[in-house]
Amino acid sequence: MSIDRRLFLKSAIATGLALGFPAVATAQRDKVYRTALIGSGWWGTNILREAAASGRCKIVALVDVDRRQLDKCAAEVAKWVSDQPKLYEDYREMLEKEKPAIAIVATPDHWHPLAMIDAVKAGAHVYVEKPISHTIIEGRAMVKAAREAHRVVQAGTHRRVSPHNVSGRKFLQEGKAGKIGMVRCFVLYGGDGPEQPRKNVEPPKGLNWDLWCGPAPLRPFNGGMHPKGFRSYLDYGNGTLGDWGVHWLDQVLWIMERQWPKTVYSTGGRPIKGKPILTDAEQTTDAPDHQVATYEFDDLTVTWEHRQFAGNPAEKTESVGCFFYGTKGTFHMGWQKGWTFYPLGRGGQEIHEEPKLNQPDDQNIKELWSDFLSAIETGRRPISDIEEIHRSTNLSLLGMLSYKLGRSVRWDGEKEVCVGDSQANALLRREYRKPWVYPT
Ligand SMILES: NC(=O)c1ccc[n+]([C@@H]2O[C@H](COP(=O)([O-])OP(=O)(O)OC[C@H]3O[C@@H](n4cnc5c(N)ncnc54)[C@H](O)[C@@H]3O)[C@@H](O)[C@H]2O)c1
């Protein structure tokens, strides 16, 4: 960032013109945070853009195991600011050399735990993407590391600060939809038929595939896995429930002020995409093409449903969101279409609120970043604090655990164990590939 621009932004903040930062002590307000990005792909670049736009962050380093992603991200940075970040392949080297005050972790999911834990141990506050972890015990270790290091760790569930989600929460908490007895969360996209296997190929030049896989199994490479494709490979992501599910299940915990369910059951499969294939020559994805999960809380039933076929043409709301079913009507909390309340009975007027989303990609990262800096400056917990999003992530991960087991599990959310179920408890963690060590 040019000095002139930084000075302008600083004085704008001082005169209250800046992007909604709360009042903070002058010394804190003038601070510019040395900021590093770990995982310089699609979403990491989106977050970094807001870090730069805040005028409070100097971009000192970009990390990626793929040189092409690094170069692309560096070219973007050059459009926003005059900072000249150093480029790294290994985040551990970056943490040691740069000692950033803030690290953004936007790698594929299987890398979030080690990168976040190492970053807080190196003294950085961290903005880590959702789902925070790939298995539940990693998430617990992340919360512990954040607390022991006394660092702020914000997770990327920006729906907690989206204006329409905030007003929708207020509407529901004021009882305007009555008593809520059931919530149905869903993401229904796509219309594909059987999945054709892709040929395994040599990783492209510039991509360190061994480091990309890191603690997870080393699968043969194909072009569908990276970038972005990891979500549908269960070694690295947790399918649609792990990817999208966290956003909507988090909305339920946040709006209904719940912490964890008593029981979880999930079923699903790949009747449309077909059986997963993995041979030396070729492979397909292995995440379910549809899935249903049921979460039983005291006095509340929550369901999750996703489909990667047939979209959602039969319902007039959008293809994503949650329906809160109350004694006064049905409330749809959505994304690009905001929220709508459908009152019970004849003659009732629908109530609707449009969203206020930022570009690109219709998100509210700007507001979440602002909350992150404010938490660092005031020492309060951020809105998407790591412990809360650990619990939201657990809902997705317990759904996947039940899906893999093929039966329901009883969950003790206090102790974070499946009650009397050694087979289920074995799935709360997984073996890491050497030399990586599973965090505890
Ligand atoms: N909050 C949201 O709304 C939202 C939206 C999109 C993505 N995400 C999350 O962001 C994360 C990244 O997703 P994406 O779509 O940007 O994927 P992506 O593939 O575009 O980017 C991930 C990048 O991380 C790099 N990487 C892999 N291992 C690394 C390592 N050890 N060190 C540094 N870099 C490494 C990859 O090479 C890749 O460039 C995911 O966890 C995803 O769930 C969140």
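**Briefing: a mixed sheet, two cores and a helix crossing**

Strand β7 (residues 180–188) pairs with strand β12 (residues 300–307) in the parallel sense, over seven bridges. Two strands count as paired if DSSP finds at least two bridges between them. Helices (H or I, at least four residues) and strands (E, at least two) are DSSP runs, numbered from the N terminus. The model is predicted: local features need pLDDT of at least 70, side-chain atom pairs count only at pLDDT 80 or more, and totals for chains, interfaces and linings use all residues. Residues are numbered from 1 along each chain as its sequence is written.

**The sheet**

- Ten strands form an open sheet with mixed pairing, in the order β16-β15-β14-β13-β7-β12-β11-β9-β17-β18.
- The edge strands, β16 (351–353) and β18 (417–418), each pair on one side only.
- Strands of a sheet pair through backbone hydrogen bonds, either parallel or antiparallel.

**Around β12**

- On the β7 side, V183 has V302 of β12 as its bridge partner.
- Strand β11 (residues 290–297) runs antiparallel to β12 and is joined to it by eight bridges; one of the partnerships is H290 with R307 of β12.
- β11 and β12 form a hairpin with two residues between them, and D299 in the turn has a positive phi of about 70°.
- Strand β9 (residues 263–269) is antiparallel to β11, with seven bridges, and T263 has E296 of β11 as its bridge partner.

**A helix across the sheet**

- Helix α13 (residues 386–405) lies across β9, β11, β12 and β17 (409–412), at about 60° to β9.
- Axes are lines fitted to C-alpha atoms, for helices over the stretch in contact, and angles run from 0 to 180 degrees between N-to-C directions.

**Nonpolar cores**

- The largest nonpolar core (buried Ala, Val, Leu, Ile, Met, Phe, Trp, Tyr and Cys residues joined through C-beta atoms within 7 Å) has 55 residues, and I104, V105, M116, A119 and V126 have the most contacts inside it.
- A residue is buried if 20 or more other C-beta atoms lie within 10 Å of its own, exposed if 12 or fewer, and partly exposed in between; C-beta atoms are placed from the backbone.
- A second, separate core of 41 residues includes L188, V246, A293 and L397.

**Two crossing helices**

- The axes of helix α3 (residues 42–53) and helix α12 (residues 365–378) come within 9 Å and cross at roughly 60°.
- α3 and α12 are therefore oblique to each other; angles under 35 degrees count as roughly parallel, over 145 as roughly antiparallel, 65 to 115 as roughly perpendicular and the rest as oblique.
- N46, I47, E50, A51 and A53 of α3 make the contact with I365, K366 and W369 of α12, where contact means C-beta atoms, placed from the backbone, within 7 Å.

Key
Contact = placed C-beta atoms within 7 Å.
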